[in-house]
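Student: Could we go through this protein together? I would like to learn how the descriptive words are justified.

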Amino acid sequence: MAQIKETAVVYSQEMLAPDIYSMWITTKAALDAKPGQFISVYTKDGSRLLPRPISICEIDKEEGRLRIVYRIAGAGTEEFSHYKSGDSIEIMGPLGNGFPQEGEKVFLIGGGIGIPPMLELAKQLNCEKQMVLGYRDANLFLKDEFESYGQVYVATEDGSAGTKGNVLDAIREHGLTADVMYACGPTPMLRALKAYAAEHHIRCYISLEEKMACGIGACLACVCKSKDVDHHTNVHNKRICKDGPVFLAEEVEL
Ligand SMILES: Cc1cc2nc3c(=O)[nH]c(=O)nc-3n(C[C@H](O)[C@H](O)[C@H](O)COP(=O)(O)OP(=O)(O)OC[C@H]3O[C@@H](n4cnc5c(N)ncnc54)[C@H](O)[C@@H]3O)c2cc1C
Ligand code: FES
């Protein structure tokens with residue numbers, strides 16, 4: 001069942017770039033997982049009760065494994081970075097709705113640690129894909145893997161690789177167009193992409209991030225403002241963990 005805590009096993013772990021780690025875990029959650037969903041990962045330290053939401057980066061249904069790629073942000077992710085092959089890891093998932101799969105010529109846009117969830121989507125989408133990846137600097141984690149699935153365009157904040165600036169600067173520099181946009185990354189990036197997509201009549205799906213507690217729709221810690229009234233709360237709210245994390249951009253306020 002999707003929302004039951006499970007003891008999974010670390011299959012492998014490697015560092016991709018400073019503070020960025022890739023971990024494959026063997027888990028039943030791989031059977032039902034879809035691109036754009038996430039798992040809640042529990043720490044072993046009892047003083048940190050709340051799980052950490054981490055997006056699914058890749059799915060291997062045959063081997064029953066999921067891959068997560070994460071940045072060390074605090075004590076929980078720091079703990080995960082020390083796990084070794086064979087260690088147990090408590091998780092819950094897959095959680096959230098995941099990306100729809102539509103469009104003939106699409107943008108897959110990831111900014112920073114919003115890049116990982118776009119990889120499984122890139123694998124599964126069967127159409128013309130333009131992947132636009134925004135990094136801080138020339139530590140271009142996962143870029144080579146994206147190149148197996150289509151054309152990759154890079155933007156870096158410091159200009160050390162690709163277009164100097166952000167993902168929109170790269171789109172403009174290369175004169176790219178698409179009918180559907182899928183994006184995950186920091187809120188200012190998503191806000192700019194939402195406006196760009198509206199201006200250019202591109203259907204835009206964004207994956208939102210918010211601090212979470214339960215991760216399964218029960219506590220309302222993760223709400224964002226929405227255009228429509230939510231049936232659960234009867235107000236203009238959406239729960240990012242349960243109704244999202246993927247939303248049609250025009251449905252939510254950023
Ligand atoms: C749907 C979703 C998907 C995510 N996917 C990824 C991913 O693929 N890779 C990745 O590196 N990070 C991802 N994050 C962010 C990740 O959850 C946080 O970086 C992580 O929880 C930080 O935990 P910590 O103990 O290391 O840091 P601390 O700052 O010590 O965390 C303290 C508390 O705040 C919460 N918290 C802190 N930052 C965030 C945040 N940005 N989002 C949600 N909760 C937060 C933690 O869960 C914890 O309960 C995702 C967040 C969400 C909501
Ligand atoms: S984290 Fe509890 S409702 Fe979303």
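Tutor: Gladly! Let's begin with Y70, which counts as buried at 2% relative accessibility. Keep in mind that this is a predicted model.

Student: Why is Y70 called buried?

Tutor: Buried means under 20% relative accessible area. Y70 has 2%, so Y70 is buried. Try the reasoning on Y21: its relative accessible area is 15%, so Y21 is buried too.

Student: What makes Y21 and Y70 a stacked aromatic pair?

Tutor: Two values decide it. Rings pair if their centres lie within 6.5 Å, and planes under 30 degrees apart count as stacked. For Y21 and Y70 the centres are 5.9 Å apart and the planes are at 20°, so both conditions of the definition are met. The pair also links distant parts of the chain: Y21 lies in strand β2 (residues 20-26) and Y70 in strand β6 (residues 65-71), 49 residues apart.

Student: Why is the pair of F80 and Y83 called edge-to-face?

Tutor: Planes over 60 degrees apart count as edge-to-face. The planes of F80 and Y83 are at 65°, with the ring centres 5.8 Å apart, so this pair is edge-to-face. F80 is buried at 1% relative accessibility, and Y83 is buried at 6%. Ring pairs link Y21, Y70, F80 and Y83 into a cluster, and the structure holds 6 aromatic pairs.

Student: R65 is found in strand β6. How do you know whether R65 is buried or exposed?

Tutor: Use the cut-off of 20% again. R65 has a relative accessible area of 15%, so R65 is buried. Leaving aside neighbours within four places in sequence, R65 is in contact with residues including Y11, W24, E58 and D60.

Student: And M92, in strand β7 (residues 88-95): what makes M92 buried?

Tutor: Its relative accessible area is 6%, so M92 falls in the buried class. The C-alpha atoms of M92 and R67, 25 residues apart along the chain, are separated by 14 Å.

Student: Let's move to F107. Why is F107 called buried?

Tutor: With a relative accessible area of 0%, F107 is under the cut-off, so F107 is buried. F107 is found in strand β8 (residues 105-111). Setting aside neighbours within four places in sequence, its contacts include Q130, V132, I171, M181 and I202.

Student: What makes β8 and β9 a pair of strands?

Tutor: Strands pair if there are at least two bridges between them. β8 and β9 are joined by 7 bridges and run parallel, so the definition is satisfied. For example, V106 has K129 as its bridge partner in β9. The chain crosses from β8 through helix α2 (residues 117-124) to β9, and this β-α-β crossover is right-handed.

Student: Which other strand is joined to β9?

Tutor: Strand β10 (residues 151-156) is joined to β9 by 6 bridges, and the two run parallel. In β10, V154 is the bridge partner of L133. Strand β9 (residues 128-135) is mostly covered, with 7 of its 8 residues buried.

Student: Why is α2 described as largely enclosed?

Tutor: Because 6 of its 8 residues are buried, α2 is largely enclosed by the rest of the structure. The buried ones are P117, M118, L119, E120, L121 and A122.

Student: How do you know that the length of helix α5 agrees with what is expected?

Tutor: Helix α5 (residues 187-199) has 13 residues, and at 1.5 Å a residue it should span 18 Å. Its end C-alpha atoms are 18 Å apart, so the two values agree.

Student: Which residues of α5 are buried, and how do you know that they are on the same side?

Tutor: They are M189, L190, L193, Y196 and A197. These buried residues cover an arc of only 125° around the axis, so they lie on the same side of α5. An α-helix has 3.6 residues a turn, so residues three or four places apart point the same way. On the other side of α5, P188, A198 and E199 are exposed.

Student: What covers the buried residues of α5?

Tutor: The cover includes β8, α4 (167-174), β12 (180-184) and β13 (203-207). After α5 comes H201, whose phi is positive, near 55°.

Methods. Residues numbered from 1 in each chain as written. Chains lettered and ligands numbered in written order. Predicted model: local features only at pLDDT ≥ 70, side-chain atom pairs only at ≥ 80, totals over all residues. Heavy atoms only, no water. Helix = DSSP H or I, 4+ residues; strand = E, 2+ residues; numbered from the N terminus. Buried < 20%, exposed > 50% of the residue type's maximum accessible area, 1.4 Å probe, protein only. Contact = heavy atoms within 4.5 Å. Expected span 1.5 Å × (residues − 1). Arc of directions from axis to C-beta. Right-handed = clockwise from strand over helix to strand, strands pointing away.
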